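Reader: Please take one part of this model and look at it closely. I would like a connected account rather than a list.

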Amino acid sequence: MIEALISEMILRKAELKDETIETIYFGGGTPSLLTNDELEVLIDTVYHNFRVVEKPEITLEANPDDLTEAKILELADGPINRLSIGIQSFFDEDLLLMNRAHNAEEAVNSLSIAKRHFENITIDLIYGIPNMTDERWRENLLKTFALGVNHISSYALTVEPKTVLDTFIRQGKYPNVSEETALAHFNILMSETEKRGFVHYEISNFGKPNFFSKHNTSYWQGKAYLGIGPSAHSYNNHIRSWNISNNPLYIKTIQRGELPKESETLSDKDRFNEYVMTGLRTIWGVSFEEVEQHFGKSFKDQLLINAQHFIDQKTLVILNEGDKSQFLKATEKGKFLIDGIAADLFMI
(Lines give C-alpha, C1' and ligand atoms only; values in the text may rest on other atoms or scores of the structure.)
Protein backbone atom coordinates (compact mmCIF):
# COMPACT_ATOMS: atom_id res chain seq x y z
CA MET A 1 0.00 0.00 0.00
CA ILE A 2 2.82 2.44 0.87
CA GLU A 3 4.47 1.79 -2.50
CA ALA A 4 1.15 2.34 -4.27
CA LEU A 5 0.59 5.65 -2.48
CA ILE A 6 4.06 6.80 -3.50
CA SER A 7 3.47 5.72 -7.10
CA GLU A 8 0.13 7.52 -7.27
CA MET A 9 1.70 10.78 -6.09
CA ILE A 10 4.36 10.50 -8.79
CA LEU A 11 1.77 9.68 -11.46
CA ARG A 12 -0.33 12.70 -10.47
CA LYS A 13 2.32 15.31 -9.72
CA ALA A 14 1.33 17.39 -12.77
CA GLU A 15 -2.17 17.90 -11.36
CA LEU A 16 -0.94 20.47 -8.84
CA LYS A 17 1.97 21.87 -10.84
CA ASP A 18 0.83 25.47 -10.33
CA GLU A 19 -0.12 25.02 -6.67
CA THR A 20 1.89 25.24 -3.46
CA ILE A 21 1.16 22.56 -0.87
CA GLU A 22 0.18 24.19 2.43
CA THR A 23 -1.24 21.19 4.28
CA ILE A 24 -0.79 17.42 4.35
CA TYR A 25 -3.52 15.34 5.99
CA PHE A 26 -3.40 11.65 6.92
CA GLY A 27 -7.02 10.71 7.46
CA GLY A 28 -9.59 8.03 6.90
CA GLY A 29 -8.99 4.43 7.90
CA THR A 30 -6.30 4.08 10.56
CA PRO A 31 -3.28 6.18 9.52
CA SER A 32 -1.96 5.91 13.09
CA LEU A 33 -0.86 2.36 12.14
CA LEU A 34 1.89 3.95 10.06
CA THR A 35 5.35 4.14 11.60
CA ASN A 36 7.37 7.36 11.57
CA ASP A 37 9.58 5.89 8.85
CA GLU A 38 6.54 5.21 6.67
CA LEU A 39 5.14 8.67 7.33
CA GLU A 40 8.47 10.26 6.46
CA VAL A 41 8.72 8.31 3.20
CA LEU A 42 5.28 9.54 2.15
CA ILE A 43 6.00 13.13 3.18
CA ASP A 44 9.39 13.05 1.42
CA THR A 45 7.55 11.98 -1.73
CA VAL A 46 5.32 15.03 -1.42
CA TYR A 47 8.38 17.29 -1.12
CA HIS A 48 10.12 15.64 -4.09
CA ASN A 49 7.14 15.99 -6.43
CA PHE A 50 5.36 19.17 -5.34
CA ARG A 51 6.17 22.69 -4.19
CA VAL A 52 5.64 22.88 -0.41
CA VAL A 53 5.49 25.88 1.96
CA GLU A 54 8.23 26.19 4.57
CA LYS A 55 6.14 24.93 7.51
CA PRO A 56 3.11 22.98 6.27
CA GLU A 57 0.37 21.86 8.63
CA ILE A 58 0.72 18.05 8.81
CA THR A 59 -2.22 16.36 10.52
CA LEU A 60 -2.74 12.73 11.49
CA GLU A 61 -6.09 11.27 12.53
CA ALA A 62 -6.06 8.76 15.39
CA ASN A 63 -8.42 7.11 17.82
CA PRO A 64 -7.72 7.12 21.57
CA ASP A 65 -7.14 3.35 21.67
CA ASP A 66 -4.32 3.76 19.10
CA LEU A 67 -2.58 6.52 21.05
CA THR A 68 -0.54 4.72 23.65
CA GLU A 69 2.15 6.79 25.35
CA ALA A 70 4.78 5.04 23.22
CA LYS A 71 2.89 5.86 20.02
CA ILE A 72 2.45 9.51 21.01
CA LEU A 73 6.16 9.81 21.80
CA GLU A 74 6.98 8.24 18.44
CA LEU A 75 4.70 10.66 16.58
CA ALA A 76 6.07 13.65 18.51
CA ASP A 77 9.55 12.68 17.31
CA GLY A 78 8.44 12.68 13.65
CA PRO A 79 7.01 15.07 11.05
CA ILE A 80 3.40 15.24 12.36
CA ASN A 81 2.64 18.64 13.93
CA ARG A 82 -1.13 18.34 14.44
CA LEU A 83 -3.24 15.52 15.89
CA SER A 84 -6.93 14.90 15.23
CA ILE A 85 -8.26 12.58 17.94
CA GLY A 86 -11.64 10.87 17.59
CA ILE A 87 -12.79 11.25 21.20
CA GLN A 88 -16.56 11.43 20.36
CA SER A 89 -17.55 11.42 24.07
CA PHE A 90 -16.01 11.20 27.52
CA PHE A 91 -18.79 8.87 28.72
CA ASP A 92 -18.72 5.08 28.36
CA GLU A 93 -22.48 4.86 27.79
CA ASP A 94 -22.21 7.04 24.68
CA LEU A 95 -19.12 5.22 23.37
CA LEU A 96 -20.76 1.81 23.72
CA LEU A 97 -23.85 3.05 21.92
CA MET A 98 -21.69 4.30 19.03
CA ASN A 99 -19.72 1.03 19.01
CA ARG A 100 -16.41 2.79 19.60
CA ALA A 101 -13.34 0.69 20.39
CA HIS A 102 -12.08 2.97 23.17
CA ASN A 103 -13.52 3.80 26.56
CA ALA A 104 -13.80 7.08 28.47
CA GLU A 105 -10.63 6.47 30.50
CA GLU A 106 -8.61 5.90 27.31
CA ALA A 107 -10.08 9.10 25.86
CA VAL A 108 -8.87 11.17 28.82
CA ASN A 109 -5.49 9.43 29.09
CA SER A 110 -4.62 9.70 25.39
CA LEU A 111 -5.55 13.37 25.28
CA SER A 112 -3.68 14.18 28.50
CA ILE A 113 -0.49 12.58 27.19
CA ALA A 114 -0.86 14.06 23.71
CA LYS A 115 -1.21 17.57 25.18
CA ARG A 116 2.26 17.23 26.73
CA HIS A 117 3.83 16.70 23.31
CA PHE A 118 1.56 18.47 20.78
CA GLU A 119 0.28 22.02 21.03
CA ASN A 120 -1.98 21.71 17.99
CA ILE A 121 -4.68 19.13 18.75
CA THR A 122 -8.28 18.88 17.61
CA ILE A 123 -10.85 16.44 18.94
CA ASP A 124 -14.17 15.22 17.57
CA LEU A 125 -17.27 15.32 19.76
CA ILE A 126 -20.75 14.00 18.93
CA TYR A 127 -23.98 15.55 20.23
CA GLY A 128 -27.64 14.62 19.86
CA ILE A 129 -27.01 11.07 21.12
CA PRO A 130 -30.18 9.29 22.36
CA ASN A 131 -30.53 9.62 26.15
CA MET A 132 -27.76 12.25 26.32
CA THR A 133 -29.06 15.00 28.59
CA ASP A 134 -28.11 18.65 28.24
CA GLU A 135 -26.11 18.27 31.47
CA ARG A 136 -24.06 15.35 30.14
CA TRP A 137 -23.35 17.19 26.90
CA ARG A 138 -22.23 20.24 28.88
CA GLU A 139 -20.01 17.98 30.99
CA ASN A 140 -18.39 16.67 27.80
CA LEU A 141 -17.51 20.23 26.88
CA LEU A 142 -16.24 21.08 30.37
CA LYS A 143 -13.91 18.06 30.27
CA THR A 144 -12.66 19.22 26.87
CA PHE A 145 -11.91 22.72 28.15
CA ALA A 146 -10.22 21.36 31.30
CA LEU A 147 -7.88 19.27 29.14
CA GLY A 148 -6.70 22.38 27.29
CA VAL A 149 -7.97 21.57 23.79
CA ASN A 150 -7.66 24.48 21.33
CA HIS A 151 -9.86 23.11 18.52
CA ILE A 152 -13.11 21.14 18.48
CA SER A 153 -14.95 19.54 15.57
CA SER A 154 -18.47 18.65 16.67
CA TYR A 155 -21.27 16.95 14.77
CA ALA A 156 -24.83 15.85 15.37
CA LEU A 157 -25.21 12.08 15.53
CA THR A 158 -26.56 10.41 12.40
CA VAL A 159 -27.76 6.81 12.53
CA GLU A 160 -26.26 4.65 9.80
CA PRO A 161 -28.22 1.59 8.60
CA LYS A 162 -27.29 -1.80 10.06
CA THR A 163 -25.32 -0.34 12.97
CA VAL A 164 -25.77 -1.36 16.61
CA LEU A 165 -27.57 1.90 17.34
CA ASP A 166 -29.87 1.46 14.35
CA THR A 167 -30.80 -2.00 15.65
CA PHE A 168 -31.42 -0.73 19.19
CA ILE A 169 -33.65 2.07 17.92
CA ARG A 170 -35.69 -0.29 15.74
CA GLN A 171 -36.04 -2.68 18.71
CA GLY A 172 -37.27 0.18 20.91
CA LYS A 173 -34.32 -0.05 23.29
CA TYR A 174 -33.31 3.56 22.58
CA PRO A 175 -35.25 6.57 21.36
CA ASN A 176 -34.58 7.80 17.84
CA VAL A 177 -32.34 10.80 17.35
CA SER A 178 -34.17 14.04 18.01
CA GLU A 179 -33.64 17.26 16.05
CA GLU A 180 -34.91 19.18 19.07
CA THR A 181 -32.23 17.58 21.28
CA ALA A 182 -29.54 18.18 18.66
CA LEU A 183 -30.54 21.86 18.41
CA ALA A 184 -30.41 22.27 22.19
CA HIS A 185 -26.94 20.69 22.29
CA PHE A 186 -25.78 22.83 19.36
CA ASN A 187 -26.86 25.99 21.18
CA ILE A 188 -25.02 24.86 24.33
CA LEU A 189 -21.96 24.15 22.18
CA MET A 190 -22.00 27.65 20.68
CA SER A 191 -22.52 29.31 24.06
CA GLU A 192 -19.90 27.37 26.03
CA THR A 193 -17.17 27.63 23.39
CA GLU A 194 -17.72 31.37 22.98
CA LYS A 195 -17.27 31.87 26.74
CA ARG A 196 -13.83 30.27 26.51
CA GLY A 197 -12.52 32.25 23.54
CA PHE A 198 -13.25 29.79 20.74
CA VAL A 199 -14.22 31.18 17.34
CA HIS A 200 -17.12 29.42 15.62
CA TYR A 201 -15.45 29.69 12.22
CA GLU A 202 -17.36 26.86 10.50
CA ILE A 203 -20.67 25.28 11.44
CA SER A 204 -19.03 22.18 12.94
CA ASN A 205 -15.67 23.70 13.89
CA PHE A 206 -14.56 25.83 16.82
CA GLY A 207 -10.99 27.04 17.24
CA LYS A 208 -8.98 29.35 19.42
CA PRO A 209 -7.23 32.11 17.43
CA ASN A 210 -4.27 30.66 15.48
CA PHE A 211 -5.66 27.13 15.85
CA PHE A 212 -8.12 27.01 12.95
CA SER A 213 -7.66 23.95 10.71
CA LYS A 214 -5.66 25.22 7.73
CA HIS A 215 -6.46 22.03 5.84
CA ASN A 216 -10.23 22.19 6.21
CA THR A 217 -10.27 25.96 5.72
CA SER A 218 -8.64 25.46 2.32
CA TYR A 219 -11.47 23.11 1.37
CA TRP A 220 -14.18 25.52 2.52
CA GLN A 221 -12.52 28.34 0.59
CA GLY A 222 -12.53 26.33 -2.63
CA LYS A 223 -8.80 25.69 -3.00
CA ALA A 224 -7.60 22.75 -5.09
CA TYR A 225 -6.65 19.55 -3.29
CA LEU A 226 -5.24 16.16 -4.25
CA GLY A 227 -6.47 13.00 -2.52
CA ILE A 228 -4.16 9.98 -2.57
CA GLY A 229 -5.20 6.40 -1.78
CA PRO A 230 -8.34 4.23 -1.95
CA SER A 231 -11.61 6.24 -1.84
CA ALA A 232 -9.72 9.56 -1.83
CA HIS A 233 -11.35 12.55 -3.56
CA SER A 234 -9.63 15.38 -5.43
CA TYR A 235 -10.77 18.78 -6.69
CA ASN A 236 -9.23 21.49 -8.87
CA ASN A 237 -12.09 24.03 -9.18
CA HIS A 238 -13.35 22.51 -12.42
CA ILE A 239 -12.96 18.72 -12.09
CA ARG A 240 -13.77 16.44 -9.17
CA SER A 241 -12.33 12.93 -9.11
CA TRP A 242 -12.45 9.96 -6.77
CA ASN A 243 -10.41 6.79 -6.43
CA ILE A 244 -11.87 3.30 -6.30
CA SER A 245 -12.47 2.00 -2.77
CA ASN A 246 -11.22 -1.58 -3.21
CA ASN A 247 -7.71 -1.81 -1.72
CA PRO A 248 -6.34 -4.78 -3.75
CA LEU A 249 -7.78 -3.39 -6.98
CA TYR A 250 -6.36 0.05 -6.17
CA ILE A 251 -2.87 -1.43 -5.70
CA LYS A 252 -3.04 -3.58 -8.86
CA THR A 253 -4.19 -0.63 -10.96
CA ILE A 254 -1.36 1.56 -9.69
CA GLN A 255 1.15 -1.23 -10.34
CA ARG A 256 0.04 -1.21 -14.00
CA GLY A 257 0.87 2.49 -14.11
CA GLU A 258 -2.79 3.46 -14.37
CA LEU A 259 -4.83 5.79 -12.20
CA PRO A 260 -7.68 4.06 -10.35
CA LYS A 261 -10.06 7.00 -10.49
CA GLU A 262 -13.20 8.39 -12.04
CA SER A 263 -13.92 12.04 -12.60
CA GLU A 264 -16.60 14.55 -13.50
CA THR A 265 -16.33 18.03 -14.98
CA LEU A 266 -18.28 20.54 -12.93
CA SER A 267 -20.69 22.92 -14.62
CA ASP A 268 -20.97 26.56 -13.58
CA LYS A 269 -24.08 25.61 -11.62
CA ASP A 270 -22.21 22.80 -9.84
CA ARG A 271 -19.36 25.13 -8.90
CA PHE A 272 -21.75 27.87 -7.76
CA ASN A 273 -23.74 25.41 -5.62
CA GLU A 274 -20.57 24.13 -4.00
CA TYR A 275 -19.39 27.66 -3.28
CA VAL A 276 -22.72 28.55 -1.66
CA MET A 277 -22.79 25.31 0.36
CA THR A 278 -19.27 25.69 1.75
CA GLY A 279 -19.27 29.49 2.05
CA LEU A 280 -22.44 29.72 4.12
CA ARG A 281 -21.01 27.22 6.62
CA THR A 282 -18.14 29.60 7.46
CA ILE A 283 -17.71 32.96 9.18
CA TRP A 284 -16.49 34.33 5.84
CA GLY A 285 -19.80 33.72 4.12
CA VAL A 286 -20.57 34.04 0.40
CA SER A 287 -19.14 37.05 -1.41
CA PHE A 288 -21.49 38.63 -3.95
CA GLU A 289 -18.42 40.09 -5.63
CA GLU A 290 -16.90 36.61 -6.00
CA VAL A 291 -20.18 35.23 -7.36
CA GLU A 292 -20.37 37.92 -10.04
CA GLN A 293 -16.69 37.62 -10.91
CA HIS A 294 -16.68 33.83 -11.29
CA PHE A 295 -20.23 33.05 -12.39
CA GLY A 296 -21.70 36.26 -13.81
CA LYS A 297 -24.23 38.91 -12.83
CA SER A 298 -27.22 36.64 -13.45
CA PHE A 299 -26.03 34.24 -10.72
CA LYS A 300 -25.58 37.13 -8.29
CA ASP A 301 -29.00 38.56 -9.02
CA GLN A 302 -30.69 35.18 -8.64
CA LEU A 303 -28.86 34.54 -5.36
CA LEU A 304 -30.19 37.84 -4.01
CA ILE A 305 -33.73 36.92 -5.03
CA ASN A 306 -33.53 33.40 -3.54
CA ALA A 307 -31.93 34.64 -0.32
CA GLN A 308 -34.59 37.27 0.42
CA HIS A 309 -36.97 34.75 2.01
CA PHE A 310 -34.29 33.69 4.51
CA ILE A 311 -33.23 37.29 5.13
CA ASP A 312 -36.85 38.04 6.03
CA GLN A 313 -36.83 35.03 8.38
CA LYS A 314 -33.59 36.35 9.94
CA THR A 315 -31.69 33.13 9.20
CA LEU A 316 -29.45 34.90 6.65
CA VAL A 317 -28.06 38.42 6.64
CA ILE A 318 -26.19 40.59 4.15
CA LEU A 319 -23.23 42.37 5.71
CA ASN A 320 -21.10 45.13 4.22
CA GLU A 321 -17.36 44.74 4.64
CA GLY A 322 -15.13 47.35 3.08
CA ASP A 323 -16.27 49.95 0.56
CA LYS A 324 -18.17 47.74 -1.86
CA SER A 325 -17.94 44.13 -0.64
CA GLN A 326 -21.13 42.44 0.51
CA PHE A 327 -21.32 39.00 2.05
CA LEU A 328 -24.23 36.64 2.65
CA LYS A 329 -23.88 34.92 6.02
CA ALA A 330 -25.84 32.74 8.41
CA THR A 331 -27.25 34.37 11.53
CA GLU A 332 -27.13 32.64 14.93
CA LYS A 333 -30.71 31.52 14.27
CA GLY A 334 -29.79 30.14 10.85
CA LYS A 335 -26.60 28.23 11.66
CA PHE A 336 -28.24 24.95 12.71
CA LEU A 337 -30.40 25.01 9.55
CA ILE A 338 -27.71 26.14 7.15
CA ASP A 339 -27.36 22.99 5.02
CA GLY A 340 -31.07 23.06 4.18
CA ILE A 341 -30.95 26.80 3.54
CA ALA A 342 -27.97 26.42 1.21
CA ALA A 343 -29.75 23.69 -0.74
CA ASP A 344 -32.67 26.09 -1.30
CA LEU A 345 -30.25 28.61 -2.81
CA PHE A 346 -28.80 26.15 -5.33
CA MET A 347 -29.11 26.75 -9.05
CA ILE A 348 -30.98 23.78 -10.51
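Is Lys-314 buried or exposed? And from there, take me to strand E4 and its surroundings.

Author: This is a predicted model. Lys-314 is exposed, because its relative accessibility is 59% and the cut-off for exposed is over 50%. The residue lies in the loop between helix H13 (297-312) and strand E12 (316-321). Its phi is near 65°, a positive value in a residue other than glycine.

Gln-88 also has a positive phi, about 70°, and is not a glycine either. Its setting is a strand, E3, which spans residues 82-88. Gln-88 counts as buried because its relative accessible area is 10%, and buried means under 20%. So one positive phi belongs to an exposed loop residue, and the other to a buried strand residue.

E3 leads on to E4. The two strands pair in the parallel sense, over four bridges. One of the pairs joins Ile-85 to Ile-123 in E4.

Now E4 itself. The strand runs over residues 121-127, and seven of its seven residues are buried. In a regular strand, side chains alternate between the two faces of the sheet. Here both faces are covered. One side carries Ile-121, Ile-123, Leu-125 and Tyr-127, all buried. The other side carries Thr-122, Asp-124 and Ile-126, and these are buried as well.

E4 has a further partner, strand E5 (residues 151-156). This pairing is parallel too, with six bridges. Tyr-127 has Ala-156 of E5 as its bridge partner. Between the two strands the chain passes through helix H6 (residues 134-146), and this β-α-β crossover is right-handed.

Beyond E5 comes a loop that leads to helix H7 (164-170), and Thr-158 sits in that loop. Thr-158 is exposed, because its relative accessible area is 55% and exposed means over 50%. Thr-158 and Thr-331 are 173 residues apart in sequence. In space, their C-alpha atoms are 24 Å apart.

Last, the core. In soluble globular proteins, nonpolar side chains tend to be buried together. The largest nonpolar core in this model has 79 residues. Phe-26 and Leu-345 have the most contacts inside it. Leaving aside residues up to four places away in sequence, Phe-26 touches several leucines and isoleucines, including Leu-34, Leu-39, Leu-42, Ile-43, Ile-58 and Ile-80. Its other contacts include Pro-31, Thr-59 and Glu-61.

Note on methods:
Residues are numbered from 1 along each chain as its sequence is written. This is a predicted model: local features need pLDDT of at least 70, side-chain atom pairs count only at pLDDT 80 or more; totals for chains, interfaces and linings use all residues. Side-chain values use heavy atoms; hydrogens and water are left out. Buried means under 20% relative accessible area, exposed over 50%, partly exposed in between (1.4 Å probe, protein chains only). A nonpolar core is a set of buried Ala, Val, Leu, Ile, Met, Phe, Trp, Tyr and Cys residues joined through side-chain atoms within 4.5 Å. Contact means heavy atoms within 4.5 Å. Two strands pair if DSSP finds at least two bridges between them. A crossover is right-handed if, with the strands pointing away from the viewer, the path from the first strand over the helix to the second runs clockwise.
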